[in-house]
Amino acid sequence: MLIKKPNRILPSEITDEAVYKERRRFLGMAALGTATLTAGGLMLPALNALAKPVERKSFPDLKKGPFGTDEELNSFEEITTYNNFYEFGFGKSDPARYAHMLTTHPWSVSIEGEAEITGRFNLEDILKPHTLEERIYRLRCVEAWSMVIPWVGFSLADLIKRFKPTSKAKFVEFTTLYNPEEMPGQKSGILEWPYVEGLRMDEAMHPLTLLAVGLYGKEMPNQNGAPLRLVVPWKYGFKSIKSVVKIRFTETQPQTTWNLSAPGEYGFYANVNPNVDHPRWSQGRERRIGDFLKRNTETFNGYADEVAHLYSGMDLKKHF
Ligand SMILES: Nc1nc2c(c(=O)[nH]1)N[C@H]1C(S)=C(S)[C@@H](COP(=O)(O)O)O[C@H]1N2
Ligand SMILES: [Mo]
């Protein structure tokens, strides 16, 4: 994501020096927990020494879910080292370096708002009734890159039905954990924290909309949004909120993080649309990570047959 406010970070427009300074500042913050004070001053541990390899549980006997693509998958390496997760820094490799700081067990999710059943539930209880499957989806970032990712998860619709939303529930709001000690990016003012996203109820109930708990057959790497994240494959990647701790049913459209940050650039709908450019760059083409040449971006990221009906009669230039 790229931010416009001149006092914030603007990867496409700022000088190398400003990037360097802001990154130094972030490294300082991230390292605080493990830095040691020596005669020479504050010593920062070597970057890679921070990241310990973690054992990830495999999910056995995963069935392939619907809506698959036969496009070539991006590698595990690509999917886990080129990320957007500003809670761990705004460089693409920062999440792979720092996301191990996040404690993902135990984890609970609070279900709130316009529903018959609400409360705070352990993640295990949230997941228990659901059958996990593998769903291979394209993910198209608003910055004009994309990947093909084999997620493990289940349809959000199946979860929503269990909590019986009332007739007033018109939208669903999702919130990421707020814990600046473990998510040092939250100590920076680059965005308002915690990260919040939202969907219209019919979008949330669409069978393509996935709650993901893993990828490549194993538990979710922290940098990809462990232990629970949303994946909405026909929308720009920023809708696919990571490390979710709250799901709230609302009557009115939720305020969402990127829309609050730059309303002229990031809309609530954020449907992938090659015909509606970002004010500062074209959305007509994209680079699949690993490819040399760019390819054309498809309307609704290639999922138009499944989702175009949700927006019939809407002016998608206005509701971008
Ligand atoms: N909490 C949170 N969720 C987030 C983000 C973030 O910064 N914080 N970045 C979003 C953006 S811009 C993208 S493109 C995707 C990237 O997902 P990936 O790193 O698994 O490819 O996560 C989205 N979810
Ligand atoms: Mo993104």
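This passage describes the fold, core, surface and salt bridges of a predicted protein model.

The protein has 320 residues, of which 53% are buried. Its secondary structure comprises 9 helices and 15 strands. Contacts across the sequence are common. Among contacts with a separation of 6 or more, 72% join residues 24 or more positions apart. The exposed area is about 14900 Å², and carbon and sulfur atoms supply 53% of that area.

Confidence varies along the chain. The mean pLDDT is 89, and 83% of the residues reach 70 or more. Over residues 5–21, however, the pLDDT is below 50. The model gives this stretch 21 contacts beyond near neighbours in sequence. Residues 31–49 also stay under 50. For residues 31–49, the model has 18 contacts beyond four places in sequence.

The interior was examined next. In soluble globular proteins, nonpolar side chains tend to be buried together. In this model, the largest nonpolar core holds 76 residues. Trp-151, Leu-156, Trp-234 and Phe-249 touch the most other members of that core. Strand S7, residues 145–155, contributes the largest share, with 6 residues. Trp-151 has contacts with many parts of the chain, leaving out residues up to four places away in sequence. Glu-133, Glu-134, Arg-135, Tyr-137 and Leu-139 are among its partners. So are Leu-210, Ala-212, Gly-214 and Leu-215. Met-220, Arg-229 and Val-231 also touch Trp-151.

Two threonines illustrate buried positions in helices. Thr-80 lies in helix H3, which spans residues 76–81. Its relative accessibility is 5%, so Thr-80 counts as buried. Beyond neighbours within four places in sequence, Thr-80 is in contact with Ala-96, Pro-221, Gln-223 and Asn-224. Thr-257 is found in helix H8, residues 257–261. With 6% relative accessibility, Thr-257 is likewise buried. Thr-257 touches Leu-191, Glu-192, Pro-194, Tyr-195 and Val-196, not counting residues up to four places away in sequence.

Some aromatic residues are partly exposed. Phe-121 sits in strand S5, residues 119–122. Its relative accessible area is 23%, which places Phe-121 in the partly exposed class. Phe-121 and Ile-111 are 10 residues apart along the chain, and their C-alpha atoms are separated by 7.8 Å. Ile-111 is also one of the contacts of Phe-121, leaving aside neighbours within four places in sequence. The others are Trp-107, Ser-108, Val-109, Ile-126 and Phe-163.

Tyr-216 occupies the loop between strand S10 (210–215) and strand S11 (218–219). Tyr-216 is partly exposed, at 32% relative accessibility. A residue must have over 30% relative accessible area to join a surface patch. Together with Leu-73 and Phe-76, Tyr-216 makes a nonpolar surface patch of about 240 Å².

Charged side chains form 18 salt bridges. One of them pairs Arg-295 with Glu-71, at 3.4 Å from N to O. Arg-295 belongs to strand S15 (residues 295–296), whereas Glu-71 lies in the loop between strand S3 (63–64) and H3, so the pair ties together parts that are 224 residues apart in sequence. Both partners are partly exposed: Arg-295 has 30% relative accessibility, and Glu-71 has 23%. The pair also takes part in a network of salt bridges. The network links Glu-71, Arg-138, Arg-140, Glu-286, Arg-288, Asp-291 and Arg-295.

Other salt bridges fall within single helices. Arg-97 pairs with Asp-94, and their closest N and O atoms are 3.6 Å apart. The two are 3 residues apart in helix H4 (residues 94–98), so about one helical turn separates Arg-97 from Asp-94. Asp-94 is buried, with 2% relative accessibility. Asp-158 forms a salt bridge with Lys-161, the closest N and O atoms being 3.7 Å apart. Asp-158 and Lys-161 are 3 residues apart in helix H6 (residues 156–162), and therefore about one helical turn lies between them. Here Asp-158 is partly exposed, at 36% relative accessible area, while Lys-161 is exposed, at 52%.

Definitions and conventions: Residues numbered from 1 in each chain as written. Chains lettered and ligands numbered in written order. Predicted model: local features only at pLDDT ≥ 70, side-chain atom pairs only at ≥ 80, totals over all residues. Heavy atoms only, no water. Patch = residues over 30% accessible without salt bridge, like charges linked within 9 Å, V, L, I, M, F, W, Y side chains within 5 Å. Areas by Shrake-Rupley, 256 points an atom, 1.4 Å probe, with all protein chains shown as cover. Salt bridge = Lys/Arg side-chain N within 4 Å of Asp/Glu carboxyl O. Helix = DSSP H or I, 4+ residues; strand = E, 2+ residues; numbered from the N terminus. Buried < 20%, exposed > 50% of the residue type's maximum accessible area, 1.4 Å probe, protein only. Core = buried A, V, L, I, M, F, W, Y, C linked by side-chain atoms within 4.5 Å. Contact = heavy atoms within 4.5 Å. pLDDT = per-residue confidence, 0-100.
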